[in-house]
Each structure stands twice: as structure tokens, then as C-alpha cells.
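Let's walk through this protein together, with the sequence and the 3D view side by side. Please bring the structure up on your screen and follow along.

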Amino acid sequence: MHRSKKYLKFIRSHPCLICLRPSQATHQRCLGGGGISLKPPDSHCLPLCDECHKRQEADSVKFWCEYWLSKMPEIGAKEMAQLIVYRLIVGYLTEYLEVK
């Protein structure tokens with residue numbers, strides 16, 4: 001999926017992942033798929049509010065590490081393993097959909 005207005009609308013229908021305020025569909029460059037002056041595919045979007053999006057763009061690695069570390073007390077080993085496996089599966093599914 002490279003561009004999909006329906007998918008972007010779906011993403012915007014969710015609250016910000018971080019603070020639960022109204023969100024926008026934010027393209028995540030850390031997953032690749034973009035280029036100079038090119039947005040990554042819409043399948044790499046997540047719902048973030050404007051403020052959280054600015055923080056994420058300033059330092060994506062720090063932003064996401066802080067997010068996951070803040071969740072660590074709530075997440076046990078089983079849940080962490082599930083998250084890792086889920087992330088791997090999403091990566092393969094995304095690649096598959098882009099090739100089709």
C-alpha cells in the first residue's frame with residue numbers, strides 16, 4: 001500500500017498513541033520506504049497529535065524508546081515477546097503488500 005486516503009482516514013480516527021488527543025496520520029521514516037522529499041508509504045503511518053509528532057520527528061529513536069520504556073512496568077516478558085513478534089510480522093506483511 002503506497003497511498004490510501006481510506007487508510008489515512010482510518011489512522012486519523014484513532015487518538016494519539018502517546019497522549020490520547022486527536023491525531024493526524026504521521027508517516028514513520030524510521031521504517032524506511034521514503035526518500036529525499038518523499039514520504040514513506042501510508043502503511044507506515046501511526047496516529048500522533050501535532051505536539052507528539054513534532055517530538056517524534058526531532059529524535060525518532062529517543063521518542064520511541066521513551067514510549068516503550070514508559071510501558072515496561074505494565075508489560076511482562078510474555079507481552080514483550082508478543083510485541084517483538086508482532087513487529088516482525090507487521091514488517092513482513094508491509095513488505096508483502098508493497099510488492100503486490
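**Aromatic rings, a helix and some cysteines**

A search of the whole structure, which is a predicted model, turns up three aromatic pairs. One of them joins Phe-63 and Trp-64: the ring centres sit 4.9 Å apart and the planes meet at 85°, so this pair counts as edge-to-face. Both Phe-63 and Trp-64 are buried. Tyr-67 joins in as well, since ring pairs link Phe-63, Trp-64 and Tyr-67 into a cluster.

Now zoom out for a moment to the overall layout. The protein chain has four helices and two strands. Reading from the N terminus, the order of the elements is α-β-β-α-α-α. Of the 100 residues in the chain, 26% count as buried. Among the contacts with a separation of 6 or more, 53% are between residues 24 or more positions apart. As for the surface, the chain exposes about 7,300 Å², and carbon and sulfur atoms supply 63% of that area.

Next, find helix H2, which covers residues 50-58. Which of its residues are buried? They are Cys-52, His-53 and Gln-56. These residues cover an arc of only 100° around the axis, which means that they lie on the same side of H2. Turn the helix round, and the face pointing away from the buried side shows you the exposed residues Lys-54 and Ala-58. What do the buried residues of H2 pack against? Their partners are strand S1 (24-27), strand S2 (45-48) and helix H3 (60-71).

Finally, let's turn to the cysteines. A disulfide is a covalent bond between the sulfur atoms of two cysteines. How many disulfides does the model contain? With a cut-off of 2.5 Å between the sulfur atoms, the count comes to zero. Cys-16 makes a good example to check on screen: the nearest cysteine sulfur belongs to Cys-19 and is 3.7 Å away, and Cys-16 is in no disulfide. Is Cys-16 buried or exposed? Its relative accessible area is 1%, and because anything under 20% counts as buried, Cys-16 is a buried residue. The same cut-off applies to Cys-45, which is buried with a relative accessible area of 3%.

Technical notes: Residues numbered from 1 in each chain as written. Predicted model: local features only at pLDDT ≥ 70, side-chain atom pairs only at ≥ 80, totals over all residues. Heavy atoms only, no water. Buried < 20%, exposed > 50% of the residue type's maximum accessible area, 1.4 Å probe, protein only. Arc of directions from axis to C-beta. Contact = heavy atoms within 4.5 Å. Phe/Tyr/Trp six-rings, centres within 6.5 Å; stacked < 30°, edge-to-face > 60°. Areas by Shrake-Rupley, 256 points an atom, 1.4 Å probe, with all protein chains shown as cover.
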